[in-house]
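Colleague: I am new to this structure. Could you take me through its aromatic rings?

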Amino acid sequence: PPAATGSDEEDDSDSSTKPIRSEKKKNPASLFQTGGDPPKEKKSKKKAPPKAAESEDETPETPQKNSNKKGKGKKSKKPKEERPPSPIIEVDNLEEFVLRPAPQGVTIKCRVTRDKKGMDRGLYPTYYLHLDNDKKVFLLAGRKRKKSKTSNYLISIDPTDLSRGGENFIGKLRSNLMGTKFTVFDNGANPDRANADWSNVRQELSAVIYETNVLGFKGPRKMTVIIPGMNADNERVPIRPRNDNDGLLMRWQNKNMDNVIELHNKAPVWNDETQSYVLNFHGRVTHASVKNFQIVHGSDTDYIVMQFGRVADDAFTMDYNYPLCAVQAFAIALSSFDGKLACE
């Protein structure tokens with residue numbers, strides 16, 4: 001109904017006229033807190049690795065009008081509406097970086113490229129994740145395994161080594177038989193190979209549930225994303241299921257949400273002019289696609305936990321914020337490419 005659209009648009013324009021949220025609005029970090037004591041305001045700010053200190057105040061919520069891709073440092077003197085330049089992000093230890101939550105207040109802007117060249121790449125393309133900055137630092141590569149009964153993507157910190165056994169294996173994404181639910185694991189051991197204290201067992205980093213709508217997968221999709229909560233030190237609460245009945249998907253289905261956070265994609269708004277569903281990506285997305293999405297927490301839909309969208313045939317931007325890490329965000333993006341969903 002047009003009324004709904006109207007009110008959504010109002011909402012949007014409204015949010016851009018509000019002052020930047022310096023008046024003590026709730027700290028987005030508190031949305032993700034599940035374990036331990038509530039964070040002490042001061043402490044949670046300090047926790048971010050020192051690298052990000054200079055860009056702590058960047059507010060991801062500022063409407064970003066231009067799509068100045070490179071974000072040159074010089075532009076920061078302009079009025080607040082401008083898109084903030086990408087903060088300098090140091091990736092000293094790749095393995096550590098890709099599993100570490102984004103520092104609070106910093107949007108980590110990335111680019112995903114899809115490589116379909118080669119013999120069977122049409123069916124099994126390789127996906128690469130780079131930082132979207134001048135240096136284009138490589139972060140992760142992912143590819144679907146060929147012999148699996150269900151969709152199974154390996155994620156590696158080496159663009160040339162996508163083997164399960166290699167030391168570059170950092171995580172994987174596995175779907176159910178229907179291809180509508182996905183689980184993201186780190187590179188820990190299968191529960192069958194647990195050591196005595198379970199410390200080596202793999203963690204579940206995320207689960208993604210796609211709901212078809214009346215149009216099948218043609219219209220806007222509904223995504224639910226489940227992630228582990230954060231403790232008082234702003235670290236991810238480890239979720240190491242002992243079997244499949246204890247994983248994030250089962251916890252969510254059974255409404256057992258201890259230490260678990262539920263996120264959703266932001267509903268796009270129908271635009272009569274373009275006859276399409278639209279979301280405001282602040283210049284970060286240039287092509288319409290059912291794969292474009294933004295993930296938000298129900299209690300603060302202005303805080304974009306992650307956004308993903310197409311900028312060319314085989315190129316996408318992927319931006320993520322606290323509490324996600326690169327592996328979580330990349331795996332969520334990979335799930336949206338999967339075969340059964342890609343019936344565009």
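Modeller: Start with two rings: both Phe308 and Phe337 are buried (under 20% relative accessible area, 1.4 Å probe, protein chains only). This is a predicted model, where local features need pLDDT of at least 70, side-chain atom pairs count only at pLDDT 80 or more, and totals for chains, interfaces and linings use all residues. Residues are numbered from 1 along each chain as its sequence is written, and side-chain values use heavy atoms, with hydrogens and water left out.

Colleague: What kind of aromatic pair do Phe308 and Phe337 form?

Modeller: Rings of Phe, Tyr and Trp (its six-membered ring) pair if their centres lie within 6.5 Å; planes under 30 degrees apart count as stacked, over 60 as edge-to-face and the rest as tilted. Phe308 and Phe337 are 5.7 Å apart, centre to centre, with 90° between the planes. The pair is edge-to-face.

Colleague: How many residues apart in sequence are the parts that this pair ties together?

Modeller: Phe308 lies in strand E13, and Phe337 in helix H5 (residues 326-337). Helices (H or I, at least four residues) and strands (E, at least two) are DSSP runs, numbered from the N terminus. The parts tied together are therefore 29 residues apart.

Colleague: Which residues do ring pairs link into a cluster?

Modeller: Phe308 and Phe337 both belong to the cluster. Its full list is Tyr127, Phe293, Phe308, Phe316 and Phe337.

Colleague: Over which ring does the charged end of Arg202 sit?

Modeller: A charge sits over a ring if NZ of Lys or CZ of Arg is within 6 Å of the ring centre and within 35 degrees of the ring normal. For Arg202, the distance to the centre is 4.1 Å. The ring belongs to Phe185.

Key. Buried < 20%, exposed > 50% of the residue type's maximum accessible area, 1.4 Å probe, protein only.
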